[in-house]
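Please walk me through this model in the viewer, one selection after another. Tell me what to select next and what is there.

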Amino acid sequence: MKIRQAKSTDIDDITNIISTAFLISDYYGLRENIIDNPRYSYKDIIVVEDSNEIIACVKIIPLKVSFKNKIVDAGGISAVAVLPGYRRRGIADMMLKDAIKRMFNAKYPFSLLYPFQHRFYRKYGWEFIGSAMLYEIEPSNIPMFEERLNIRKMKISDREKIKKVYAEKILNVNFAVSRNDAFWTRVVFPNFPNPYIYEDKDILGYVSFEMKKNGRGLVEIEIKELVALTPEAYRGIWGFLASLTEQVVKIKYLAPPDEPLFDVLIEPREREFKRPFFEYKSLASICSGFMMRIINLEEALKLLKTANAPDFETSISIKDDLIPENNFTFKIIVEDRNINIKKFDTRIPEIETDIATFSQIFSGFVKPTSLYQTGRIRGNIGAIKFLDSVFSDSLPFMYQFDIF
């Protein structure tokens with residue numbers, strides 16, 4: 001078997017493999033999407049060839065994502081597909097290991113993916129970092145914020161400013177995907193129902209939502225995207241949604257995990273759900289999302305510049321079974337909130353962990369002291385507590401339009 005970069009002559013075979021693996025009925029739509037995609041080209045697809053037949057493929061999408069107020073490179077893994085007659089032969093394993101090497105050589109600090117099964121990808125060093133809160137809210141449970149008066153319907157002429165609002169917002173959200181103009185034009189705006197903006201001298205926020213009737217003929221709203229740059233814009237958008245209470249019975253919203261939506265609600269309760277002896281005051285369901293792997297550890301460490309942490313230093317040893325170059329010990333030094341990273345030659349580091357666990361810590365998704373309880377990180381507890389403050393950050397989040 002041979003692994004290689006796809007050629008233009010492979011497009012029909014790739015389309016057949018993906019449509020077969022993922023039960024996609026629109027063959028020609030899929031084919032056109034591969035030929036002309038706003039985020040990748042057929043050259044970003046790796047194929048496996050056996051006796052001159054293409055039997056498997058994987059996409060390595062060249063993404064731009066936000067991390068600590070910067071836009072950085074990342075490799076998005078998608079469409080890991082093998083023809084039915086060739087499954088259970090280790091072909092997906094071979095492709096993923098090859099993809100990891102290719103991304104390392106390309107100096108991608110990170111790789112992201114949406115898993116069909118988390119435990120499958122954990123074997124290769126990816127770890128779960130993405131979550132969201134799925135809210136179901138009655139509009140009557142939202143205050144009529146006065147800022148709602150600054151909401152108006154979006155015009156086509158507002159589109160460039162909408163792009164800028166999103167670009168500014170994601171700088172404060174780790175691992176949100178940066179969008180190019182083609183992606184906005186071909187993916188987002190054609191699927192942007194009921195767009196409204198918050199404007200106070202300038203556009204400072206927007207919301208897009210779909211309205212549909214439920215099984216009882218009542219109108220519900222599903223928010224497609226909600227972005228606010230200021231508290232006033234945030235209140236304005238929610239106040240506007242509250243004003244729809246006469247015609248809308250429910251709002252569904254897939255929110256960032258650290259968005260304090262409970263503070264918006266008049267009564268923080270879940271609709272029509274009770275336990276014996278008391279009303280269960282739950283707000284939302286937690287939804288699992290994407291995974292991340294540090295691909296090139298040295299490149300990832302270069303992104304650490306500052307931290308809201310005390311002056312301290314510690315040494316960390318990382319184990320990566322698939323990328324030997326990532327197996328090294330380094331010192332992380334914080335002085336006056338500035339971070340300095342140095343490779344450190346020592347046989348007894350203060351902290352030890354594997355690349356998947358460190359990926360989860362690096363993302364800000366979980367505190368190292370929490371992972372210490374389950375043995376996924378080992379070492380001096382004082383040094384591990386220090387890492388809590390070094391990697392504390394906004395929780396990773398990816399907007400719905402960017403799911404790949």
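**Charges over rings**

Start by selecting Lys343 and Phe328: the charged end of Lys343 sits over the ring of Phe328, 4.4 Å from the ring centre. Bear in mind throughout that the model is predicted. Next select Arg39 and Phe183. Here Arg39 lies over the face of Phe183, 3.6 Å from the ring centre.

**The ring cluster**

Go back to Phe328 and widen the selection. Which residues do ring pairs link with Phe328 into a cluster? Add Phe67, Phe110, Phe175, Phe330, Phe358, Phe362 and Phe391. The structure holds 32 aromatic pairs. One of them is Phe110 with Phe175, an edge-to-face pair with 5.1 Å from centre to centre and 75 degrees between the planes. Phe110 belongs to strand E5, whereas Phe175 is in the loop between helix H5 (159-170) and helix H6 (181-188), so this pair ties together parts that are 65 residues apart in sequence. Colour both by accessibility: Phe110 is buried at 0% relative accessible area, and Phe175 is buried at 0% too.

For a stacked pair, select Tyr196 and Phe209, whose centres are 5.9 Å apart and whose planes make an angle of 5 degrees. Tyr196 is in strand E9 (residues 195-200) and Phe209 in strand E10 (residues 202-213), so the pair ties together parts that are 13 residues apart in sequence. With a relative accessible area of 2%, Phe209 is buried.

**Ser111 and its surroundings**

Return to strand E5 (residues 110-113) and select Ser111, which has its place there. Is Ser111 buried or exposed? Its relative accessibility is 0%, so Ser111 counts as buried. Now display polar atoms. A polar atom of the Ser111 side chain lies 2.9 Å from the backbone oxygen of Gly75. The side chain of Ser111 is also joined to that of Trp126 by a polar contact of 3.2 Å. Then show the contacts of Ser111, leaving aside neighbours within four places in sequence: they are Gly75, Ile77, Met103, Trp126, Met291, Met292, Arg293 and Ile295.

**Strands E1, E2 and E3**

Move to strand E1 (residues 2-5) and select Lys2, which lies in this strand. Lys2 has a relative accessible area of 46% and therefore counts as partly exposed. Not counting residues up to four places away in sequence, Lys2 touches Val47, Val48 and Glu49. For a distance check, pick the C-alpha atoms of Lys2 and Asp26: they are 29 Å apart in space, while the two residues are 24 apart in sequence.

Select strand E2 (residues 45-50) next. How many of its 6 residues are buried? The count is 5, and strand E2 is described as mostly covered. E1 and E2 run antiparallel and are joined by 4 bridges. To find one position in that pairing, pick Ile3, whose bridge partner in E2 is Val48.

Keep Val48 selected and turn to strand E3 (residues 53-67). E2 and E3 also run antiparallel, with 6 bridges joining them. On this side, Val48 stands opposite Ala56 in E3. Val48 is thus a point to follow from Ile3 to Ala56.

End the tour at the hairpin of E2 and E3, which has 2 residues between the strands. Select Ser51 and display its backbone torsions: Ser51 takes a positive phi near 50 degrees.

Methods
Residues numbered from 1 in each chain as written. Predicted model: local features only at pLDDT ≥ 70, side-chain atom pairs only at ≥ 80, totals over all residues. Heavy atoms only, no water. Buried < 20%, exposed > 50% of the residue type's maximum accessible area, 1.4 Å probe, protein only. Polar contact = N/O pair within 3.5 Å; in protein donor to acceptor, adjacent residues only side chain to side chain. Contact = heavy atoms within 4.5 Å. Phe/Tyr/Trp six-rings, centres within 6.5 Å; stacked < 30°, edge-to-face > 60°. Lys NZ or Arg CZ within 6 Å of the ring centre and 35° of its normal. Pairing = 2+ DSSP bridges.
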